[in-house]
Amino acid sequence: MIYSVGENLFDRNSGIEFAQIQRTQALNSAHIQAKIVTRKYNRRLSLITEENNISDVQINMFDFFQKATNLQANHQTTRDLKSLARERYNLKYNEKFFEINKSGRTYAQIYAMGGTEKYVDKVVYLDRFNNKTLTHYYDWRGFLSMTENYDNANNLISQNYLDVDGNTVLEVFYTNVYGTIEPTMWKLINYKGFDYLFDYEEQLFLFFLNELNREEPSVFIADCPEVVVSIMSIDNPLKTIGYVHQNHRNYAGNVISEYTKIIQPEFGQLDLIAVATQKQANDLASIAKSPVVVLPTTTFATINKTSEITTLRKVVYVGRLTRHKNVDELIDLFEYIHKRDANVKFVIKGYFESKEYEEAFNQRLAKCKLTEVVEHLQYSPDNSELFEDASVFVSTSMSEGFGMNALESMAHGIPVACYGVPYIKDNLVKDGVNGIVTIKHTPQELGRKILSTFKKPQTVAQLQQGALATAEEFSAEQLVKNFDKLLDLGYASMAEKRVDLSFVVPVYNVVKYLEATLDSIFNQKTKYDYEVICVDDGSTDGSAEILKQYAEKYSNLKFISQKNCGVGAARNLGLSHVEGEYVAFIDSDDLLADNYVETVMYNFKRTYADIVTYAARKIKEDGTNFTDQVDIFGAPNKIYASGIEQFNTMNIYRYYMVAVWKYVTKTAHLREYKITFPNTQLSEDDYFSFFNYQLAKRTVSIKDVLYNYRIHDKSLIRTFTQADKSTDKRVEHYKAFELLLKQITVEKIKITPSITRYLMNDFLTKLIFKDELNTNIEHTTMVMVGKYLSKEIVTELQAMLREQYKVYVRKATVLN
Amino acid sequence: MIYFIDFGMPVKKSGIEHAAINRMHLFEKHGVDYRLLNRDWDANLHSETRKMGIDDTHLINMFDYYQGSLIMEDKAISAEEVDLGLDPSLLIYTEDIDNKTYEVTRLDGMLFAKIGYRAEDKTVNFVESYDSFGKLIYIDYYDSRGFKTVRCFNFNQTGISNQQWYTPNGKVVISCALKLDGNKNIQLSGFILTKSDGKVYQFDTIDDMFSDFINQINNQTSPGNIMVIDQPIIADEALLNLDKPAYTIAHLHNSHVLDFRSPMTSELNEFFEYQLSNADKYDGFIAATEHQTRDVQARFPDIKKLYTIPVGIVPDELFQEPQIPMAEREYGNITVLARIAHEKRHADIIRAVAKAHEQVPEITLNMYGYANSNELKNELETLITNVHMEKVIKFHEYTTDNDAVLNKAQVFCVTSLFEGFNLAALESSSHGLVGVTYDIEYGPQEIIQDGFSGYIVREHDIDALAEKFVKLFKDQNLLQQMSTNAYVSAKRYSAESIWKKWEQLLKDGSKEA
């Protein structure tokens, strides 16, 4: 995706916005996805994008958070305001707005949006002292978009930005900072489950850009200096480009300070700087911090020459009518030509920079007696009618960076007459080739040259051909080719394609459930890449055959088999084959939610955590839900500064997170600390999870339910995966316990009360109370514990055991 | 449906709330549904009402109603669980146990937030939020059931400038503003309410909004509604302006006249003046005693209907308890349960006891009740010292275990300026205490039957009080007889007897449907 990033779009756009629009439209028609991104809050934006035919290819930051991108309009008129309780209040219209009245007092005022047929702009609510207490702002598309609150002195204190359902998605707070009311805090509410706080709008903007980039690493073009800082800070974009739309030097030859943000940013760097012409690129190359490339902005489809007029019939100018563009000299030019040929028509099209200038311009026209001769057309995006029968396009501008309108003219086969100004002279209008250029910059000289050229029809015809040829050079195809080249560069420098997430599934005699499990893994709705490593642990019931079938069907299934060694060894074997950045251990009879990969990956990318723990739902053996009890086990959304911190909450909230299928881990973390499964038949997951959390840095828990674990009938004894060894369960727990304590001493892990409780609940109770209280085992165990842990801890554990024994005895007697 | 209208259910309850609680137990016992309509916002309302045994389904608080939080699952969170919007590794939490808050600072030391929690269960009470300049921007308050309920904006240290109330999903439904009025004072200038259908309504005061709310409730469940005003003023006008019919009742919870000795001409208690000035427009009034009913009827003959329903109810459990004979109680123990306020005239009791003490040295006076101001309490303490009764007369802490306190006492005393009923008198009498009281209205003279279960003496006659104390304590048989009579007399206020009176009102109310 190619994002052209700017501040805003306007009712009266300037060259920059037009350039963005044209670039985006050209790319999309060449099947390269492109969009325009704007940053400022603008409730009329949809009106503007519709007028410019770019509704589908435009994203605004506020629309994004308000979930209103591509929202269909459902206009709200002032007369039919839906929130008005007509049984209580009555409407009264005065010049400026509708009043909402009751018993002769005005309670609120409804204002219409400028330039619309009475669509609501805002409703201002008044209290009994006639203070403004609340303002409701409406989007052009008809929904309540933002509300404002005020303090005792009627100063703005907060704004709530709403989604179409009326929920607040963004809050902005204002305070008095050294005498002026400024926004000082931005807060995103419940964005994908979390709140985010920002001290500056740039931070919010960067967050937004990162969200766009996360969906798909993209190219970001900064079309104005104000957005450069945020763009430079995006995490791993495809490419960042700063576009300089105008001449970067002023008349004195110094670099305009505004552009230093692009050319020589203080902190950070753009990948590329782009300009419209080679000449400008050459000049920039010596002073820019980044490499400079040429990317002509203007482009459009070439149109067949529609007029063969080689005589001077109609002189046209299209563009903004501002003093800056030296539009006054156009009048002088027209005067010169008119005096010598009264039949020539003059048409200027565009909007004046101000009413005041328009009046001054018209006065000047009147003074030169040209009012009847010069026609002024209002701006519209379509110029085909204007160019249909035009003879020449004129410009008296001294500083145009790149003549966009001149180029459009050439696409119609109409030559351009202008002063020889840097960048235009060399790159676009070439005297005698596609236009008329004067070295002397006076309207009289230009007029003289135009008149003399048009005396020679053959020359004119040549210029017309030349104009079309020039337009070809700058066609949509050409622009797209340039972008393509840029993208190729991008691809080359991108990292090698890697798998995002690996599943490790140990399989032993689960033919009853295996297919359902595998289906749930392969039915993921996600844009991320994942592999599924199935380790067959010597199955004898046909599970291996099923795996082979699936391996044929799915290219991302890795099938490994080993002779029966047990689930811990199977998982270790799977882990050794993992290529993914993240690894998830799945049990072969459980079911994943179809947003498992998407949600887990999103949260890893967002937080850079080592472990993401989610909520799980228990299901009955036949796969149906429990209806008579709590069946979801999870914790609230939270980021933890360390795995130990999260581990400590386990005992407070009893959020079970020891099962290896309850979380996904960063592979690098496991490899760094060499965390593997012990080779025991039981409690191997307690061991693994313990070290995983104890050694993890940042971890995050999310309350999304992503996993369904099957509860087997208690009467069925859960057989070990190691079928040929029939061992006493306790021996296995004991082995795991001892290995754990050993490793704790090796890793020098400090024993906290949290850990003591963990040892108690996850190991000791299983050993000592599992089937019956066995004092022999208790003794042996405590001796073993004493080998690794201090006397104090041992005493503490013994005390906890005794307490637990009392409970056990009470329970036992009750059961009897 | 029968609705009872009041401010709310505060922790420190007045007689109105106590009466309501008694009544609620009665209705529950007989399986009759009712609703409490409350006006005021209160983050701890539900925890208090649940303590009183009121199920959430009976409670319709106006704010809960519009916020969509009438019935909520308890999901209270602790301070650490509040999402402050920043990565926890960028924040430092420091607990301040004395103030029950956590101070949260950024790594550079700048104050970021303060989280206050409730003492009982450490659940979040409020969160103060500060911007990067260290300015307090707003304070969010959390309902006891766990959701963010209101945000108070603070600006330039002038205090609250406005508030907005949320649904549990975070949508703003009510907001209010405080502004400068014509006299340059800050006042609450209005409420703006967005109802569930999206329409916006504006109200100048909370009572305006409450009137609209009451009307809406009545519209939803009409016909057949009975609306009872427990708290005067806040809904008086609303009941006279309902869109649809309802059986409207004003409950007089206190004396309606300042001077009960001249009931026909006395100044009216200003709290009831509006109701009584519109006496004929309500469907009926409730008074707690026969005497008050008689007086009100006489002065306001246009009243359509007057019900006499005592606000005190003696629970069945108490009747089933064995009666405690005087011999097993503390000899000479006079116990008074009353708020320490001027109208209770504790000074009279103190003087009477001081006098009686000359003849009955074992006499003691035990006063239970909280003081709104310490000034009066100090005055009374001084008086006790002046009459040299420090060892005899004592103030005790406000207690909720009245059973234990009353079961060891023998006599109680009432010397108030006026009463609406005096629940304490009923409670004491039903525990077998013998009452000695001034002949004031309304209540004590009916609860105590003169010469049977106690004595009624002339107002201001301290000597008479003292004389009765002595008489009782010197005659064990008399004391015991009157105690037995008191137990019997209390039967008039059994749940059954009181319920019959409510049944009549409920029947009349349904006839209107």
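## A tour of chains A and B

Begin by selecting B:P223, which sits in the loop of chain B between helix 4 (206–221) and strand 14 (226–229). The model is a predicted one. Show the backbone from B:S222 to B:P223: the peptide bond there is cis, with omega near 0°.

A second cis bond can be found further along chain B. Select B:E441 and B:Y442; the peptide bond from B:E441 to B:Y442 is cis, with omega near -5°. B:Y442 belongs to the loop that runs between strand 22 (434–438) and helix 13 (444–447) of chain B.

Next, go to B:H460. This residue is in the loop between strand 23 (454–457) and helix 14 (462–474) of chain B. B:H460 is not a glycine, yet its phi is positive, about 75°. Is B:H460 buried or exposed? Only residues with 12 or fewer other C-beta atoms within 10 Å count as exposed, and B:H460 has 12 such atoms, so B:H460 is exposed.

Now colour residues 334–487 of chain B. The UniProt record, an unreviewed entry, covers this span with the annotation "domain: Glycosyl transferase family". The C-alpha atoms at the two ends of residues 334–487 lie 17 Å apart. Helix accounts for 44% of the span and strand for 17%.

Zoom out to the whole of chain B. Its secondary structure comes to 16 helices and 23 strands. Along the principal axes, the C-alpha trace of chain B spans about 75 × 55 × 50 Å. The radius of gyration of chain B is 26 Å, which agrees with the value near 24 Å for a compact globule of 513 residues. Of the 513 residues in chain B, 42% are buried. Take the contacts in chain B between residues at least 6 apart in sequence: 56% of them join residues at least 24 apart.

Display both chains and select the contact between them. How many residues does the contact take from chain A and from chain B? It takes 41 residues from chain A and 39 residues from chain B. On the side of chain A that touches chain B, the elements that give two or more residues include strand 8 (132–138), strand 10 (156–162), strand 11 (168–177), strand 12 (180–191), strand 13 (194–198) and strand 31 (638–640) of chain A. Coloured by class, this side of chain A shows 18 nonpolar, 14 polar and 9 charged residues.

Hide chain B and bring up the sheet of chain A. It is an open sheet of 10 strands in the order 4-5-6-7-8-9-10-11-12-13, with antiparallel pairing. Strand 4 (90–93) and strand 13 of chain A stand at the edges; each has a single partner strand, so one side of each is left without a neighbour in the sheet. On average, neighbouring strands of this sheet are turned by 20° against each other, direction ignored.

Stay at the edge formed by strand 13 of chain A. Strand 12 and strand 13 of chain A run antiparallel and are joined by 4 bridges. To see one pair, select A:K187, whose bridge partner in strand 13 of chain A is A:L197.

The last stop is A:S683, in the loop between helix 21 (667–672) and helix 22 (684–694) of chain A. A:S683 has a positive phi of about 60°, although it is not a glycine. Is A:S683 buried or exposed? A:S683 has 25 other C-beta atoms within 10 Å and is therefore buried.

Definitions and conventions. Residues numbered from 1 in each chain as written. Chains lettered and ligands numbered in written order. Predicted model: local features only at pLDDT ≥ 70, side-chain atom pairs only at ≥ 80, totals over all residues. Buried ≥ 20, exposed ≤ 12 C-beta atoms within 10 Å, placed from the backbone. UniProt positions renumbered as here; feature names shortened; annotations may be inferred. Contact = placed C-beta atoms within 7 Å. Nonpolar A, V, L, I, M, F, W, Y, C, P; charged D, E, K, R; others polar. Rg over C-alpha atoms; globule rule 2.2 N^0.38 Å. Pairing = 2+ DSSP bridges. Axes fitted to C-alpha atoms, helices over the stretch in contact; angles between N-to-C directions.
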